[in-house]
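Here are some notes to read with the model open beside you. Take them one point at a time and find each residue as you go.

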Amino acid sequence: MAEAEKETVVIEKVVAEAEELPKAIVRRLVKDKLSQLSSDSEISVFREALEAFSDSARIFIHYLSAT
């Protein structure tokens, strides 16, 4: 029984990683857009903010594909 649970966890983790957007592309898009809106030349974005942008974009893509 323990092996079946481990396999399920591994499969769920692989599926979750496959649905994630590429972090480098999300970071570049966010920094490009923020630099257009800001007068500062150097933009710093927290990792948690990038994860939030990535998650919201992923959810939006799922919503678009479902409708």
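1. First, some vocabulary: Ala, Val, Leu, Ile, Met, Phe, Trp, Tyr, Cys and Pro count as nonpolar, Asp, Glu, Lys and Arg as charged, and the others, Gly among them, as polar. With that sorting, the lining of the largest pocket comes out as four nonpolar residues, one polar and eight charged.

2. Keep in mind that this is a predicted model. The protein chain has an average pLDDT of 80, and 73% of the residues reach at least 70. Confidence is lowest in helix 1, with a mean of 62, and highest in helix 3, at 91. Where pLDDT is low, don't read the predicted coordinates in detail.

3. Now back to that pocket. The largest one has a volume of about 260 Å³. It is lined by 13 residues, and Glu 20, Lys 23, Leu 50, Glu 51 and Ser 54 are the closest to its centre.

4. Which helix gives the most to the lining of the largest pocket? That's helix 3, with six residues. Helix 1 (2-19), helix 2 (23-37) and helix 3 (47-66) each supply at least two.

5. Next, look at how helix 2 and helix 3 pack: the angle is about 105°, and their axes are 10 Å apart. Because of that angle, helix 2 counts as roughly perpendicular to helix 3. Val 26, Arg 27 and Val 30 from helix 2 meet Leu 50, Phe 53 and Ser 54 from helix 3. Sorted by class, this contact has four nonpolar residues, one polar and one charged.

Notes
Residues numbered from 1 in each chain as written. Predicted model: local features only at pLDDT ≥ 70, side-chain atom pairs only at ≥ 80, totals over all residues. Heavy atoms only, no water. 1 Å grid on protein atoms, 1.4 Å probe; cavity = no way out; pocket = protein on both sides within 12 Å on 5 of 7 lines; lining within 4 Å. Points joined across faces, edges and corners; volume = space filled by probe spheres on them. Helix = DSSP H or I, 4+ residues; strand = E, 2+ residues; numbered from the N terminus. pLDDT = per-residue confidence, 0-100. Axes fitted to C-alpha atoms, helices over the stretch in contact; angles between N-to-C directions. Parallel < 35°, antiparallel > 145°, perpendicular 65-115°, else oblique. Contact = heavy atoms within 4.5 Å.
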